Amino acid sequence: NELFGMFLDVGLDEDVAARLYRGYRHFITGAALAATGGPGARQSAAEPVSDAEIEKAFPHLAALTRNFKPAEQEAAFKRGLAHLLEGMARLKRASGR
């Protein structure tokens, strides 16, 4: 795979490169599923629960779900990618190559 090869080309050993490749693939796949609705996007037989009801009954869940609104997806992707790239850079620096 070209991405795996790029990790090797910058001097990472095979184990680190493989872990980074897998993490990157999981991140991108998860982001794609979230952006397209993923498996949970199907209609439910249950009546939707309002944001106010969730806030009252489950305040921690309400705080979490605010970050999963469609308008937040791009910003969340950019933050996640930045964290992933920062981690890759740290591993590269730690490898001493």
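How many salt bridges does a search of the whole structure find? The search comes back with two, and we'll visit both on this tour. Bear in mind as you click around that this is a predicted model.

**Stop 1: the start of the chain**

Select N1 to get your bearings. N1 sits in the segment before α1, and with 59% relative accessibility it counts as exposed. Now draw a distance from the C-alpha of N1 to the C-alpha of R79: you should get 25 Å, for two residues that are 78 apart along the chain. Keep R79 in mind, as we'll come back to it.

**Stop 2: helices α1 and α2**

Next, colour residues 2–9, which form helix α1, and residues 14–36, which form helix α2. How far apart are the axes of these two helices where they pack? The axes are 9 Å apart, and the angle between them is about 140°. Roughly antiparallel would need an angle over 145 degrees, so α1 and α2 are classed as oblique to each other. Turn the view until one helix lies in front of the other, and look at the handedness: the crossing is right-handed.

While you're here, pick F4, a residue of helix α1. Its relative accessibility is 24%, so F4 counts as partly exposed. Then add A18 and check the C-alpha distance from F4: the two are 14 residues apart in the chain, and the separation is 6.8 Å.

**Stop 3: a nonpolar patch**

Switch to a surface view and select F58, L61, L64 and F68. Together these four make a nonpolar surface patch of about 440 Å². Zoom in on L64, which belongs to helix α4, residues 59–65. Is L64 buried, exposed or partly exposed? Partly exposed is the answer, with a relative accessible area of 47%.

**Stop 4: the two salt bridges**

Go back to sticks and show E72 with R79. Their side chains meet in a salt bridge, with 2.5 Å from N to O. The two partners differ in how they are covered: E72 counts as buried at 19% relative accessibility, whereas R79 counts as partly exposed at 41%. The cut-off for buried is under 20%, so E72 falls on the buried side of it at 19%.

Now show E74 and K78, whose side chains form the other salt bridge, at 3.1 Å from N to O. Why are these two about one helical turn apart? Both lie in helix α5 (residues 73–95) and they are four residues apart, which means a separation of about one helical turn. E74 is exposed, with a relative accessible area of 52%, and K78 is exposed with 52% as well.

**Stop 5: further along α5**

Follow helix α5 on to L91, which lies in it. L91 is partly exposed, at 37% relative accessible area. Select L20 too: L91 and L20 are 71 residues apart along the chain, yet their C-alpha atoms are separated by 9.4 Å.

Finish at A94, also a residue of helix α5. A94 counts as exposed, with a relative accessibility of 67%. For a last distance, connect the C-alpha atoms of A94 and A62: they are 32 residues apart along the chain and 39 Å apart in space.

Conventions. Residues numbered from 1 in each chain as written. Predicted model: local features only at pLDDT ≥ 70, side-chain atom pairs only at ≥ 80, totals over all residues. Heavy atoms only, no water. Patch = residues over 30% accessible without salt bridge, like charges linked within 9 Å, V, L, I, M, F, W, Y side chains within 5 Å. Areas by Shrake-Rupley, 256 points an atom, 1.4 Å probe, with all protein chains shown as cover. Buried < 20%, exposed > 50% of the residue type's maximum accessible area, 1.4 Å probe, protein only. Axes fitted to C-alpha atoms, helices over the stretch in contact; angles between N-to-C directions. Parallel < 35°, antiparallel > 145°, perpendicular 65-115°, else oblique. Left-handed = near helix turned anticlockwise from the far one by under 90°.
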